[in-house]
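I opened this notebook to record, entry by entry, what I looked up in the structure, beginning with enclosed spaces and ending with the backbone.

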Amino acid sequence: YKKDRRLGELNEKIKRKALLYVSFSLDFLERGTFTEYPKVTLFCAAALFSLLSFAQDNNADIVKVGDSMPAFTLHSTVNGTVNSEDLKGKVVLINIFATWCGPCQSELAEVQKTLWPKYKDNKDFCMLVIGREHTDVQLTEYNKRKGFTFPLYPDPKREVTGKFASQYIPRSYLIDKEGKVISATVGYKKEEMDKLMKEIDKALK
């Protein structure tokens, strides 16, 4: 938990510093002082390059819309074992979260309130909520506080979540009955839940 929080805080610090460097660079550009201070020119160029590199890695996507769902197996002493091979012919919603992630909590609360009640009894639908870098024990303790009625699956070594994306959560992937990814999102906005549910309805037809 503490490790994840530190990594999240570090990413935020990196982004803030990068934006500060870019602001500094643009200020020098507006003043036309690049030719007067060659060392500053090099510094600003390096800062801009760093930000561009950060932005290119920002999505950290491995699986994208149109790709096939990767093969995986989830093990849970609480909820049993799920193999991707057993999901053929089903519409699958995969959500990747962490217990320390604020947006993840907001998203899962909305899932519990609106999405899960609507689809939980549909035999052609399966939802997998995966705790990245969490164990069964951690998720059980977490859910004692949350009271979610959908199953939570651990992925302590990122053996499953690492096949979808290298970083940044929450993430959701919607897979159709043919095993193709038809939606892939990162982050959470409440208005996106309605859009997701419409996509699920369409995929279930």
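Before counting anything I wrote down what I was looking for: a cavity is a set of grid points where a 1.4 Å probe fits but cannot get out. I also noted that this is a predicted model.

**Entry: cavities.** With that rule I looked up the count, and there are two cavities of 30 Å³ or more. The largest cavity holds about 50 Å³ of space, while the second largest has a volume of about 40 Å³.

**Entry: the largest cavity.** I asked which residues line the largest cavity. I found Leu93, Asn95, Glu107, Leu108, Val111, Leu115, Met127, Val129, Ser172, Met193 and Leu196 in its lining. I then looked up where these residues sit, and the elements that give two or more of them are strand S3 (91–97), helix H3 (102–119), strand S4 (125–132) and helix H5 (191–204). The largest share, four residues, comes from H3. Sorted by class, the lining of the largest cavity has eight nonpolar residues, two polar ones and one charged one.

**Entry: the second largest cavity.** Here the lining is made by Ile96, Arg132, Thr161, Ala165, Ser166, Gln167, Tyr168, Ile169 and Arg171. By class I recorded four nonpolar, three polar and two charged residues for this second lining.

**Entry: H3 against H5.** Since both helices line the largest cavity, I looked up how they lie against each other. The axes of H3 and H5 come within 11 Å and cross at roughly 30°. Because angles under 35 degrees count as roughly parallel, H3 is roughly parallel to H5. I noted the crossing of H3 and H5 as right-handed. On the H3 side the contact is made by Glu107, Glu110, Val111, Thr114, Leu115, Lys118 and Tyr119, and on the H5 side by Met193, Leu196, Met197, Ile200, Asp201 and Leu204. Divided by class, the residues of this contact are eight nonpolar, one polar and four charged.

**Entry: the backbone.** Is the peptide bond from Ile169 to Pro170 cis or trans? I looked up omega, which is near 0°, and entered the bond as cis. Pro170 lies in the loop between strand S5 (152–155) and strand S6 (171–175), and Ile169 was already in my notes as part of the lining of the second largest cavity. I then turned to Glu133, a residue other than glycine whose phi is positive, near 60°. Glu133 lies in the loop between S4 and helix H4 (136–146).

Definitions and conventions
Residues numbered from 1 in each chain as written. Predicted model: local features only at pLDDT ≥ 70, side-chain atom pairs only at ≥ 80, totals over all residues. Heavy atoms only, no water. 1 Å grid on protein atoms, 1.4 Å probe; cavity = no way out; pocket = protein on both sides within 12 Å on 5 of 7 lines; lining within 4 Å. Points joined across faces, edges and corners; volume = space filled by probe spheres on them. Nonpolar A, V, L, I, M, F, W, Y, C, P; charged D, E, K, R; others polar. Axes fitted to C-alpha atoms, helices over the stretch in contact; angles between N-to-C directions. Parallel < 35°, antiparallel > 145°, perpendicular 65-115°, else oblique. Left-handed = near helix turned anticlockwise from the far one by under 90°. Contact = heavy atoms within 4.5 Å.
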